[in-house]
Amino acid sequence: MNIENKKVVVIGGGIAGITAAYYLQKEVKEKNLPVETMLIEASDRLGGKVQTYTENGYVIEKGPDSFLARKMSASRLAEEAGLKDQLVNNGTGKSYILVKDKLYSMPGGAIMGIPTKIAPFAMSGMFSPIGKLRAGGDFILPPSSVKGDQSLGKFFRRRFGNEVVDHLIEPLLSGIYAGDIDQMSLLSTFPQFYEIEQKYRSLILGMKKTTPKPKPTKTATTGKKSSGMFLSLKGGLESLIHAIEAKLNPGSVVKGVSVEKVEQNGDHYTLHLSSGEEIKADSIIVCVPHKQTAQIFSQYPFFDPFHNVPSTSVANVALAFPESVIKQDIDGTGFIISRDSGYSMTAVTWTHKKWPHSVPKGKALLRCYVGRPGDEEIVSRTDEEIVETVLKDLNKTMNIVSAPELTVITRWHDSMPQYTVGHKERMRDITAKMRKELPGVFLAGASYEGLGVPDCIDQGEAAVKRVLGYLKF
């Protein structure tokens with residue numbers, strides 16, 4: 001490396017980190033920039049929570065199973081990796097909510113639990129007459145007077161009442177973030193709801209006016225119309241990780257080594273590695289969880305708030321059966337469970353219906369989720385105890401007459417960062433102090449500006465632009 005070259009180090013090889021490394025190297029090659037890149041990952045593999053287990057025709061996701069098709073950055077990255085022909089839309093069908101041992105169809109027109117069609121909501125047996133009447137308060141209540149952040153629970157309970165929130169909105173929104181909606185930040189998760197309420201007063205009327213009619217998309221494989229909102233890959237999402245990793249520069253990825261500390265030395269940074277090695281960098285993209293970031297930069301007090309940001313432990317349990325042993329099948333792709341229903345599970349996906357490509361013919365695959373804020377103990381139980389609990393819950397709505405022929409249990413301890421009230425302001429303050437005290441260091445990943453796969457990809461891309469701007473390229 002000649003003296004004019006700059007070195008950029010990406011810390012963390014999850015989806016945000018591998019995206020940042022790929023697009024940075026792409027820019028360097030296309031523009032012939034004097035920049036050397038390195039990606040450092042503490043584990044022995046890249047991809048973070050994006051993991052896929054395959055066996056005998058099963059494609060089982062251990063982490064996320066898909067991404068929203070309308071968020072184009074993920075499908076664009078798949079095309080960059082040469083996987084365009086592997087993209088597949090989800091199968092569609094009814095989705096349900098389990099409330100006190102009974103399955104109810106999701107009310108038609110409900111968007112994140114907010115009704116945009118009155119008739120299906122009014123006819124649903126999920127709510128009592130009093131609950132429906134209270135939800136109608138949305139039509140007459142004034143907009144929220146809170147100008148700063150507030151919890152999702154406070155916002156929705158004020159507009160619709162506790163019953164609609166607890167039975168419909170809470171299972172949907174807490175399922176996305178594995179969080180407690182009475183602690184989660186409105187402005188960091190769904191700011192559009194606040195904006196619609198402020199503009200239209202009624203959230204129901206505002207959603208009805210602003211929500212475009214769904215347009216059928218074409219599947220990546222057949223070209224036939226499909227209303228599936230999600231995309232995945234035939235070989236599983238981890239195939240994207242492998243394909244991108246194969247495109248990274250030889251020797252630019254270091255695995256099995258962690259960054260223990262970063263020190264600023266004049267116009268560059270020194271990274272102290274667990275191997276005892278020291279690496280100099282002109283710019284750094286930090287793609288590790290928030291508490292790890294606070295440890296790496298422990299000499300900077302402005303990262304201390306990260307120590308107080310909670311993370312939830314969750315687990316998912318994939319159970320495979322011959323279709324014939326499920327005696328009480330249900331026409332749909334899955335269900336979510338209201339918190340007050342007394343179940344250990346939080347949701348179930350009928351994977352063989354939602355993602356038919358991932359299951360051998362004649363087989364059924366159920367993916368069950370456990371763990372939520374305040375109820376995380378189950379995640380630490382033995383495999384046998386978890387399976388027993390899940391089967392007991394399943395058989396309250398289904399009749400499965402034999403043990404699963406394949407079980408894959410994945411535990412994610414302290415893995416789901418919680419965007420609690422004030423998250424946006426917290427991130428704004430930390431980012432401002434980083435610009436001043438740690439110029440050239442940038443954050444990207446699920447802890448910061450969005451949890452989903454496309455959100456992390458977006459952050460990785462944005463970090464690359466910031467790095468090149470900082471280095472004046």
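A nonpolar core, as used here, is a set of buried Ala, Val, Leu, Ile, Met, Phe, Trp, Tyr and Cys residues joined through side-chain atoms within 4.5 Å. Keep that in mind for the first exercise, and remember that the model is predicted.

**Exercise 1. Find the largest nonpolar core and the residues with the most contacts inside it.**

Solution. Start with the general idea: in soluble globular proteins, nonpolar side chains tend to be buried together. In this model, the largest such core has 78 residues. The ones with the most contacts inside it are Ile15, Phe156, Phe160, Phe193, Leu203 and Leu240. Next, ask which element gives the most to this core: helix 1 does, with nine residues. There is also a second, separate core of 30 residues, and Ala281, Ile296, Met434 and Val441 are among its members.

Now zoom in on Phe160. Skip anything up to four places away in sequence, and Phe160 touches Ile114, Gly131, Arg134, Ala135, Asp138, Ile169, Leu203 and Ile204. Leu203 is also on the list of residues with the most contacts in the core.

**Exercise 2. Work out how the buried residues of helix 8 are arranged, and what covers them.**

Solution. First, a reminder about helices: an α-helix has 3.6 residues a turn, so residues three or four places apart point the same way. Now take helix 8, residues 191–200, where Phe193, Tyr194, Ile196 and Glu197 are buried. Look down the axis of helix 8: the buried residues fall within an arc of 165°, so they line one face of the helix. Turn to the other side of helix 8, and you find Glu195 and Lys199 exposed.

What sits over the buried residues? The cover includes strand 10 (114–115), helix 5 (152–160), helix 7 (186–189) and helix 9 (203–210). Finally, check what comes after helix 8: it is Arg201, with a positive phi near 70°.

**Exercise 3. Describe how helix 1 packs with helix 10.**

Solution. Two packed helices are described by the angle between their axes and the distance between the axes. For helix 1 (residues 15–31) and helix 10 (residues 238–247), the angle is about 35° and the axes are 10 Å apart. The crossing of helix 1 past helix 10 is left-handed.

Then list who meets whom. Helix 1 brings Ile15, Ile18, Tyr22, Gln25 and Lys29, and helix 10 brings Leu240, Ile241, Ile244, Glu245 and Lys247. Sort the contact by class and you get six nonpolar, one polar and three charged residues. Ile15 and Leu240 also turn up among the residues with the most contacts in the largest core.

**Exercise 4. Decide whether Glu27 is buried, exposed or partly exposed, and list its contacts.**

Solution. Place the residue first: Glu27 lies in helix 1. The cut-off for buried is under 20% relative accessible area. Glu27 has 21% relative accessibility, so it counts as partly exposed. Leaving aside neighbours within four places in sequence, Glu27 is in contact with Asn32, Leu33, Val464 and Leu468.

**Exercise 5. Find two non-glycine residues with a positive phi, and say whether each is buried or exposed.**

Solution. The background is that most residues other than glycine have a negative phi, and most peptide bonds are trans. Asp414 is not a glycine, yet has a positive phi of about 45°. You will find Asp414 in strand 23 (residues 406–417). Its relative accessibility is 54%, so Asp414 counts as exposed.

The other one is Lys472, with a positive phi near 65°. Lys472 sits in the segment after helix 15 (453–470). Because its relative accessibility is 74%, Lys472 counts as exposed.

**Exercise 6. Pick out the residues that Ser311 contacts, then compare the setting of Ser402.**

Solution. Ser311 is in strand 19 (residues 311–322). With a relative accessible area of 15%, Ser311 is buried. Setting aside neighbours within four places in sequence, Ser311 is in contact with His290, Glu376, Asp414, Ser415, Met416, Pro417 and Gln418. So that list includes Asp414 from the previous exercise, a residue of strand 23.

Ser402 belongs to the loop between helix 13 and strand 23. A relative accessible area of 29% makes Ser402 partly exposed. Not counting residues up to four places away in sequence, Ser402 touches Phe321 and Val325.

Definitions and conventions
Residues numbered from 1 in each chain as written. Predicted model: local features only at pLDDT ≥ 70, side-chain atom pairs only at ≥ 80, totals over all residues. Heavy atoms only, no water. Buried < 20%, exposed > 50% of the residue type's maximum accessible area, 1.4 Å probe, protein only. Helix = DSSP H or I, 4+ residues; strand = E, 2+ residues; numbered from the N terminus. Arc of directions from axis to C-beta. Contact = heavy atoms within 4.5 Å. Axes fitted to C-alpha atoms, helices over the stretch in contact; angles between N-to-C directions. Left-handed = near helix turned anticlockwise from the far one by under 90°. Nonpolar A, V, L, I, M, F, W, Y, C, P; charged D, E, K, R; others polar.
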